[in-house]
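Visitor: I should like a close look at a single part of this structure, with some account of its setting. Please take one residue and describe its surroundings in detail.

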Amino acid sequence: MPRSRPASSSCSRTRSRLRFRVRSRAQAVAAACVLVLAPLGSIPTRAGPAAAPAGDPLARFHGQRLRWGDCPEERVPAGMRCAALQVPLDYAAPAKGTVPIALARIPATDGKKRIGSLLLNFGGPGGQGVAGLAADPDLLADLGERYDLVAFDPRGVGRSEPVSCGGSQQTEEGAAVADAEEQLAAVRAVVRRCELASGPVLPYIGTVHVSRDMDVMRQVLGDRKLNYLGFSYGTRLGAVYAAQFPGKTGRMVLDGVDTLGEPLAEQALATARGQQRALDRFLDWCVHRRDCVYGTNTRTAKEKVDALVARLDDEPLVGHDGSYVTGQDAAAAIGAALYSPRSWPALADALAMAERSRDPVGLLQLGGPADPPAVQDGGQEDGPDERRVQASPPVPADNGEAALAAVNCADDPDRSRENASPAEIGAELAFRRSEFVKVSRVFGPLQLMTVLSCYGRPAGTDFIRRIDHPGAPRMLLVGTRGDPATPYEWTEETAARLGSAVVVDHKGDGHTGYASSACVRGHVDRFLIDGRLPPGTRSCPAGE
């Protein structure tokens with residue numbers, strides 16, 4: 001689920017030491033790590049594809065061989081190589097066309113004890129996996145001794161036939177929208193722009209399609225079963241794979257667990273509640289600091305933050321360079337900082353600047369996009385563990401936000417508002433506004449427009465809603481109590497629906513637990529490397 005700005009879309013995102021990217025409809029960042037797209041039928045450098053069963057309708061995809069080569073444009077870790085995997089555009093009609101899926105791999109450093117491939121997804125929807133692996137593989141070093149670390153750009157994302165809305169998903173800037181009917185017509189016009197700019201892949205993206213692509217990856221990489229580590233939205237992807245291919249699911253870990261059952265509007269409400277819970281925990285930390293701008297009382301601190309956001313909606317902060325921050329911008333910036341406790345000191349400083357000197361700079365810095373470490377300091381020479389090759393054409397700037405909306409809507413079957421009149425939709429928004437504001441005065445209004453995030457798009461699949469004890473092997477789920485993006489309740493819900501999960505209850509703060517908790521990392525690494533999975537729920541204290 002999102003942190004977002006005025007017209008938000010629902011999703012799960014991750015931000016941590018691994019720099020899992022945060023995306024919203026108004027602020028989507030496409031990290032560029034570009035791949036050489038190799039043709040079918042080239043020569044592998046490691047184990048080839050597993051033998052395809054007789055009569056396999058996907059035999060030509062399962063039998064392909066990958067050519068691993070340099071990863072163009074950005075600096076990448078030593079040993080990281082890239083390739084492209086061809087998958088069917090439409091699995092119901094494999095002859096209809098193909099989609100190239102961008103892959104990256106860092107081979108296992110202990111080849112004698114190599115287990116196989118570990119497929120990774122760092123979050124999204126709209127997150128580029130290749131850039132995520134390039135950004136900071138060091139935290140995965142223990143896993144990387146025994147596994148080939150493999151990441152990919154899901155179809156519609158990055159170098160895998162990226163979708164676009166022609167520059168933005170916002171309605172035409174400056175257009176006068178006099179009433180609800182004109183507003184809904186403008187939303188439909190944006191959807192039409194997405195259709196025109198995205199090409200044939202747009203109707204065929206979504207989690208169910210991507211999970212099938214993952215099974216082609218498993219086969220071509222030569223793995224009998226899929227071993228997988230997914231964060232945030234990647235947990236939805238892993239759960240759907242386990243439901244579609246329970247017999248091919250190996251060791252699977254899901255951290256920052258997404259919901260499988262809630263409609264987008266209910267996800268948005270739960271996210272606002274989770275963000276408010278995280279904000280309360282931040283304020284409790286802040287008021288115990290000597291210089292907290294909100295004094296020493298948590299209750300009054302909360303009231304003052306509410307007042308700041310409301311005040312800035314009426315009178316934005318304006319910087320010396322003309323930049324400005326509205327209340328909704330401030331809410332988005334606060335939400336971004338709540339993804340990691342490491343950002344809390346910067347958030348405290350930004351709020352102090354806003355309150356004491358009406359300076360928006362701190363909030364602007366919190367809300368701005370952050371490049372992965374691998375692409376920062378571009379003027380420096382390559383280090384000994386990095387290499388750079390020639391750049392390829394860039395990914396569309398709006399790809400992250402376009403993919404975010406497209407995937408979330410493809411995963412959601414509800415379109416009950418599609419034939420509603422503008423008056424009925426306006427009445428629903430007015431009715432639900434009080435519900436969202438009651439949950440959070442800061443984040444509720446920001447999440448409310450998720451109610452319309454899929455207006456004008458085709459209804460999505462109901463497969464994910466129907467997942468119920470699919471018979472997958474035991475897996476490990478990690479939920480963090482102070483997670484602002486994927487509330488802990490979703491970990492419990494998804495564990496119950498899968499029916500085969502052991503839960504690690506991380507008592508800490510921030511989105512996901514693997515990067516911030518040595519205790520969580522211990523449970524995850526032991527399971528993925530040794531197959532050891534404890535019975536029942538296990539607890540990891542905050543700060544450990």
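Guide: The following account begins with one asparagine and then turns to other parts of the chain.

The model is a predicted one, and the residue chosen is N399, which lies in helix α12, a helix that spans residues 399-410. N399 is buried, since its relative accessible area is 0%, and the cut-off for that class is under 20%. The side chain of N399 makes two polar contacts with backbone oxygens. One is with the backbone oxygen of G156, which the side chain reaches at 2.9 Å. The other involves V163, whose backbone oxygen lies 2.9 Å from a polar atom of the N399 side chain. Leaving aside residues up to four places away in sequence, N399 touches G156, V157, G158, P162 and V163.

E161 belongs to the loop between β5 (147-152) and α4 (180-198). Its phi is near 50 degrees, a positive value in a residue other than glycine. At 37% relative accessibility, E161 counts as partly exposed, whereas N399 is buried. A positive phi of about 50 degrees also occurs at R358, again not a glycine. R358 is placed in the loop between α10 (344-357) and α11 (361-367), and with a relative accessible area of 34% this arginine is partly exposed. A further backbone feature is the cis peptide bond from G124 to P125, with omega near -10 degrees; P125 sits in the loop between β4 (116-121) and α2 (129-135).

Helix packing may be illustrated by α5 (residues 207-221) and α6 (residues 233-244), whose axes come within 9 Å and cross at roughly 70 degrees. The two helices are therefore roughly perpendicular, and their crossing is right-handed. On the α5 side the contact includes T207, V208, V210, S211, R212, M214, D215 and R218, which meet Y233, R236, L237, V240, Y241 and Q244 of α6. By class, the residues of this contact comprise seven nonpolar, three polar and four charged.

As to the whole, the protein has 16 helices and 13 strands. Of its 544 residues, 57% are buried, N399 being one of the buried residues. Among contacts in the protein with a separation of 6 or more, 76% join residues 24 or more positions apart.

Note on methods. Residues are numbered from 1 along each chain as its sequence is written. This is a predicted model: local features need pLDDT of at least 70, side-chain atom pairs count only at pLDDT 80 or more; totals for chains, interfaces and linings use all residues. Side-chain values use heavy atoms; hydrogens and water are left out. Helices (H or I, at least four residues) and strands (E, at least two) are DSSP runs, numbered from the N terminus. Buried means under 20% relative accessible area, exposed over 50%, partly exposed in between (1.4 Å probe, protein chains only). A polar contact is a pair of N or O atoms within 3.5 Å; within protein, one must be able to donate a hydrogen and the other to accept it, and residues adjacent in sequence count only if both atoms are side-chain atoms. Contact means heavy atoms within 4.5 Å. Axes are lines fitted to C-alpha atoms, for helices over the stretch in contact, and angles run from 0 to 180 degrees between N-to-C directions. Angles under 35 degrees count as roughly parallel, over 145 as roughly antiparallel, 65 to 115 as roughly perpendicular and the rest as oblique. A crossing is left-handed if the near helix is turned anticlockwise from the far one by less than a right angle, and right-handed if clockwise. Ala, Val, Leu, Ile, Met, Phe, Trp, Tyr, Cys and Pro count as nonpolar, Asp, Glu, Lys and Arg as charged, and the others, Gly among them, as polar.
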